[in-house]
Amino acid sequence: LDMGYQWFESFEPDMNLIQPKKGEKRRIRSLQKSRSILHDAIGAIRATFNLPLSRIFLFGFSQGGIVCVDTALNPPLGGLSGRIGG
């Protein structure tokens with residue numbers, strides 16, 4: 001199923017949204033994977049430019065806003081901005 005780029009899984013193969021239910025872990029696991037990738041990128045930026053976390057800011061739109069908030073909370077970054085929803 002090719003749905004273009006997405007930060008984390010949101011849809012079933014039949015194009016319906018993954019419904020939250022007990023034991024459903026696909027969305028959270030894929031969000032955790034995105035967080036890990038972004039943390040690695042932040043680590044590389046910090047190492048290359050010798051920047052403290054307090055000088056790093058994130059911006060995200062839609063799913064990127066969710067990943068932005070999730071990533072910025074731990075460890076705390078300098079700030080974040082996101083646009084989530086319609």
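The questions and answers below deal with the helices, the core and the buried residues of a predicted model.

Residues are numbered from 1 along each chain as its sequence is written, and side-chain values use heavy atoms, with hydrogens and water left out. In this predicted model local features need pLDDT of at least 70 and side-chain atom pairs count only at pLDDT 80 or more, while totals for chains, interfaces and linings use all residues.

Q: Which pattern does the chain follow along the sequence?
A: Helices (H or I, at least four residues) and strands (E, at least two) are DSSP runs, numbered from the N terminus. The chain has two helices and two strands. Read along the sequence, the pattern is α-β-α-β.

Q: Is α1 roughly parallel or roughly perpendicular to α2?
A: Axes are lines fitted to C-alpha atoms, for helices over the stretch in contact, and angles run from 0 to 180 degrees between N-to-C directions. The axes of α1 (residues 26-49) and α2 (residues 63-72) come within 10 Å and cross at roughly 65 degrees. Angles under 35 degrees count as roughly parallel, over 145 as roughly antiparallel, 65 to 115 as roughly perpendicular and the rest as oblique. The crossing angle therefore makes α1 and α2 roughly perpendicular.

Q: Which residues of α2 make the contact with α1?
A: Contact means heavy atoms within 4.5 Å. From α1, the contact is made by Leu 31, Ser 34, Arg 35, Leu 38, His 39 and Ile 42. From α2, the residues are Ile 66, Val 67, Asp 70 and Thr 71.

Q: How many residues of α2 are buried?
A: Buried means under 20% relative accessible area, exposed over 50%, and partly exposed in between (1.4 Å probe, protein chains only). The buried residues of α2 are Gln 63, Gly 64, Gly 65, Val 67, Cys 68, Thr 71 and Ala 72. They pack against α1, β1 (57-61) and β2 (79-83). Helix α2 is mostly covered, and of its ten residues the number buried is seven.

Q: Which elements give two or more residues to the largest nonpolar core?
A: A nonpolar core is a set of buried Ala, Val, Leu, Ile, Met, Phe, Trp, Tyr and Cys residues joined through side-chain atoms within 4.5 Å. The largest one has eleven residues, among them Phe 8, Leu 38, Leu 53 and Cys 68. The elements that give two or more residues to this core are α1 and α2.

Q: What share of the chain do buried residues make up?
A: The chain has 86 residues. Of these, the buried share is 26%.
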